[in-house]
Amino acid sequence: MNQQSTYRIYLCHGLHCGSQLAEVQRSFEHALAADLHETVEIRLSNCLGRCERGPNAIIQPGRVVYCQLNGTAINRIVHEHLLTNTPIVELRDK
């Protein structure tokens, strides 16, 4: 992680999620572009073991797991969780 990064987003690169990885990564990068591109690092992870609820990601610090990612959820994660440091309860893995 570079010195300025405050968050890391680990995108699942398992069999199910990997097929949707490019779209999920693009959505995160687009949502981050305006405000947070300097303070958030996107990395790939191995399978997160939540294949039936994919695509999935983990936000660090805090190990917050988000499942069933789509463009709307990703925008909320970036603009609510990452900007205000408040995880979105209804989007978290249960």
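Here is a short tour of the sheet and the nonpolar cores in this structure. The model is a predicted one. Its four strands make up an open sheet with mixed pairing, and its largest nonpolar core holds 19 residues. A second core, separate from that one, has seven residues.

**The sheet**

- Reading across the sheet, the strand order is β2-β1-β3-β4.
- Strands β2 (40-45) and β4 (64-66) sit at the edges with a single partner strand each, so one side of each has no neighbour in the sheet.
- On average, neighbouring strands here are turned by 25° against each other, with direction ignored.
- As a reminder, strands of a sheet pair through backbone hydrogen bonds, in either a parallel or an antiparallel way.
- For β1 (residues 7-12) and β3 (residues 57-60), the pairing is antiparallel and runs over four bridges.
- If you would like a spot to look at, try R8, which stands opposite Q60 in β3.

**The largest core**

- Within this core of 19 residues, I9, F28, I59, L69 and L82 have the most contacts.
- Both strands and helices contribute: β1, α2 (21-33), β3, β4 and α3 (71-84) supply at least two residues each.
- Helix α2 gives the most, with five residues.
- Leaving aside residues up to four places away in sequence, L69 touches V24, F28, P55, N56, A57, I74 and I77.
- The contacts of L69 thus include F28, another of the residues with the most contacts inside the core.

**The second core**

- Among the seven residues of this separate core are C12, L48, V65 and C67.

How values were computed:
Residues are numbered from 1 along each chain as its sequence is written. This is a predicted model: local features need pLDDT of at least 70, side-chain atom pairs count only at pLDDT 80 or more; totals for chains, interfaces and linings use all residues. Side-chain values use heavy atoms; hydrogens and water are left out. Two strands pair if DSSP finds at least two bridges between them. Axes are lines fitted to C-alpha atoms, for helices over the stretch in contact, and angles run from 0 to 180 degrees between N-to-C directions. A nonpolar core is a set of buried Ala, Val, Leu, Ile, Met, Phe, Trp, Tyr and Cys residues joined through side-chain atoms within 4.5 Å. Buried means under 20% relative accessible area, exposed over 50%, partly exposed in between (1.4 Å probe, protein chains only). Contact means heavy atoms within 4.5 Å.
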